[in-house]
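Reader: I'm new to protein models and would like to learn how to read one. Could we go through a few features together?

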Amino acid sequence: MDPIAFFIEPFAYDFMQRALGMALLVAAVCAVLSCYLVLKGWSLMGDAISHAVLPGIVIAFVLGIPLAVGAFVAGLACALMTGYLKYNSRVKEDTVMGIVFSGMFGFGLVLFTKVETDQHLNHILFGNVLGVTTADLVETAIVAGGTLLVVLAKRRDLLLYCFDPSHARAIGLPVNLLHYGLLVLLSLTIVSSIQAVGIILVIAMLIAPGATAYILTDRFERMLVIAVVVACSSAALGTLISFHIDGATGACIVLVQAFVFFMVFLFSPKRGLWPIGRLIGRTAGDEAPKNASGADARSLDAP
């Protein structure tokens, strides 16, 4: 296939232009938030909230209100319920999250089977980015843009809270407000991502970019930039690949992100399993420089 046609041909269609715009919006906001989730160790919290929004979506449909409102309320309820159970029982947080999100997800599935609806379950579970309308794009842009502005405005406070909550409390930061504020932002991000990648795959977009950037750098500002670049590049490439292979767009995006993560994990210059610099050095070392007479330079000092 002509490489130029690979990148140009899909954009002859309006639905692909909207799909790419949606994918890039979702990728950017997920990438920024993923950096904080990776530092905080909240990957399972993202999984919990993403699954817990299903009953909210079904109830919102029954009540005739926007699905995003129901999803947001359900996700926030899951987060608050998890926090309450954690602080009022002996059960650990990861166990509580597993019980709460699986229970709410099961409740959502039961509701979905009992409610007559023209919504297709696969579109909620796996997303339908190729079917987004201009109105969907505007709605996502508002939610994602607002979330990004808040995160970037409070990035230093959120960073300190995620890295060392005790220090943040000691210097007078409103730790509880930051805690629940981050949960609200997480819920909003998941709501804005459902249309693109669905409930099941959104957790990958919330973790992979931050995890990839975490391997590549020690500085948080660089981590944010790297995560956004990785996420947006993966979203664009995954969208193009899905068009040419007629595959699920959300799944293709997630697969590209996973591939990038494993490449970084294996070949990162500083922390890779097989650092690329070391491999290059070994290759260069196999051919040691020769002296004028053609002897191996490594043997010049040999007795």
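Reader: Let's start small: is F261 buried, partly exposed or exposed?

Author: Buried means under 20% relative accessible area, exposed means over 50%, and partly exposed is in between (1.4 Å probe, protein chains only). F261 has 23% relative accessibility, so F261 counts as partly exposed. One caution early on: this is a predicted model, where local features need pLDDT of at least 70 and side-chain atom pairs count only at pLDDT 80 or more, while totals for chains, interfaces and linings use all residues. Residues are numbered from 1 along each chain as its sequence is written, and side-chain values use heavy atoms, with hydrogens and water left out.

Reader: Got it. How are the rings of F261 and F265 arranged?

Author: A pair of aromatic rings is described by the distance of the centres and the angle of the planes. Rings of Phe, Tyr and Trp (its six-membered ring) pair if their centres lie within 6.5 Å; planes under 30 degrees apart count as stacked, over 60 as edge-to-face and the rest as tilted. The structure holds 5 aromatic pairs. Take Y13 and F15: their ring centres are 5.7 Å apart and their planes meet at 45°, so this pair is tilted. For F261 and F265 the centres are 6.3 Å apart and the planes are at 20°, so that pair is stacked. F265, at 36% relative accessibility, is partly exposed.

Reader: Where do F261 and F265 sit along the chain?

Author: Both are in helix α12 (residues 249–267), 4 residues apart, which means about one helical turn separates them. Helices (H or I, at least four residues) and strands (E, at least two) are DSSP runs, numbered from the N terminus. The protein chain has 13 helices and 0 strands.

Reader: And which residues form one aromatic cluster?

Author: That would be Y13, F15 and F243. Y13 is partly exposed at 38%, and F15 is partly exposed at 29%.

Reader: What does the side chain of S242 reach?

Author: Here we look for polar contacts: pairs of N or O atoms within 3.5 Å, where, within protein, one must be able to donate a hydrogen and the other to accept it, and residues adjacent in sequence count only if both atoms are side-chain atoms. S242, in helix α11 (residues 220–245), has a side chain that reaches the backbone oxygen of T239 at 2.7 Å. The S242 side chain also makes a polar contact with the side chain of T249, at 3.1 Å. S242 is buried, at 2% relative accessibility.

Reader: Which residues does S234 touch?

Author: Contact means heavy atoms within 4.5 Å. Leaving out residues up to four places away in sequence, S234 touches I253, V256, Q257 and V260. S234 is in helix α11 too, and S234 is buried with a relative accessible area of 2%.

Reader: Last one: what lies over the face of Y161?

Author: A charge sits over a ring if NZ of Lys or CZ of Arg is within 6 Å of the ring centre and within 35 degrees of the ring normal. In this model, K40 lies over the face of Y161, 4.2 Å from the ring centre.

Reader: How much of the protein chain counts as buried?

Author: Of its 303 residues, 41% count as buried. As for contacts between residues at least 6 apart in sequence, 71% join residues at least 24 apart.
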